[in-house]
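Please look through the sequence and the structure below before reading the report. The sections that follow take up the interior, a ring pair and parts of the surface in turn.

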Amino acid sequence: MADVVNRTTKEYRQSVNTPEFPTATWIHNPDLSAVTGFASKYWIITGDAITLMDVAARAVVDAVELEAARDATSNELDALESSFRALALVTLAESNKHANKINAILDAIDGAASLADVKTAIAAIADIPTRTTADVKTALRATLGNSV
């Protein structure tokens, strides 16, 4: 029986049947004292020696991992149907309604000759109603299944 580490994946297994783990692929009974307490993603394997990346290299690994996680999350908006995607689209639509109202008010102010004209133009702009939980649920249901 031996403890082994895969040279490529850095997978660590304990008390394995040694003949099932060839030395070309696995390091037998590795010295892990230099990497104790650190995830295998920070290990450097050179021959049969396992050492720890320096702080800068570990920071690069973390940054790459974080970037990949962010990309996966943002790509979910395009690739998958989920409640998160639907909520994002509903929120965007609501935000655009408010932006359109503000723009209409600003246009009314720009085109008015007097304060009375501003009041008349703004009064003609439709109000945006407040939303309820039921409204959000209805909007989510309507958004799910649409490819936007």
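## The nonpolar core

In this predicted model, the largest nonpolar core is made up of 6 residues, namely V5, I27, L32, V35, W43 and I50. One of these core residues, V5, can be followed further through its contacts: when its neighbours within four places in sequence are left aside, V5 is in contact with K10, E11, Y12, T25, W26, I27, P30, L32, W43, I45 and I50.

## An aromatic pair

A pair of aromatic rings is described by the distance of the centres and the angle of the planes. The structure holds 1 aromatic pair, and it is formed by F21 and W26, whose rings are arranged edge-to-face, with 4.9 Å from centre to centre and 90° between the planes. Both F21 and W26 are buried, and W26 is also among the residues in contact with V5.

## A nonpolar patch on the surface

On the surface, I102, L106, I109 and I122 make a nonpolar patch of about 340 Å². Helix 2, which covers residues 83–111, provides the largest share of this patch, with 3 residues. I109 is located in helix 2, and it counts as partly exposed because its relative accessibility is 42%, a value that lies between the limits of 20% for buried and 50% for exposed.

## A loop residue

A126 lies in the loop between helix 3 (115–123) and helix 4 (133–143). With a relative accessibility of 60%, A126 counts as exposed, since exposed means over 50%. Although A126 and K101 are 25 residues apart in sequence, their C-alpha atoms are 8.0 Å apart in space.

Terms used. Residues are numbered from 1 along each chain as its sequence is written. This is a predicted model: local features need pLDDT of at least 70, side-chain atom pairs count only at pLDDT 80 or more; totals for chains, interfaces and linings use all residues. Side-chain values use heavy atoms; hydrogens and water are left out. Patches are made of residues with over 30% relative accessible area and no salt bridge: like charges are joined within 9 Å, nonpolar side chains (Val, Leu, Ile, Met, Phe, Trp, Tyr) within 5 Å. Accessible areas come from the Shrake-Rupley method with a 1.4 Å probe; for residues, only the protein chains shown count as cover. A salt bridge is a side-chain nitrogen of Lys or Arg within 4 Å of a carboxyl oxygen of Asp or Glu. Helices (H or I, at least four residues) and strands (E, at least two) are DSSP runs, numbered from the N terminus. Buried means under 20% relative accessible area, exposed over 50%, partly exposed in between (1.4 Å probe, protein chains only). A nonpolar core is a set of buried Ala, Val, Leu, Ile, Met, Phe, Trp, Tyr and Cys residues joined through side-chain atoms within 4.5 Å. Contact means heavy atoms within 4.5 Å. Rings of Phe, Tyr and Trp (its six-membered ring) pair if their centres lie within 6.5 Å; planes under 30 degrees apart count as stacked, over 60 as edge-to-face and the rest as tilted.
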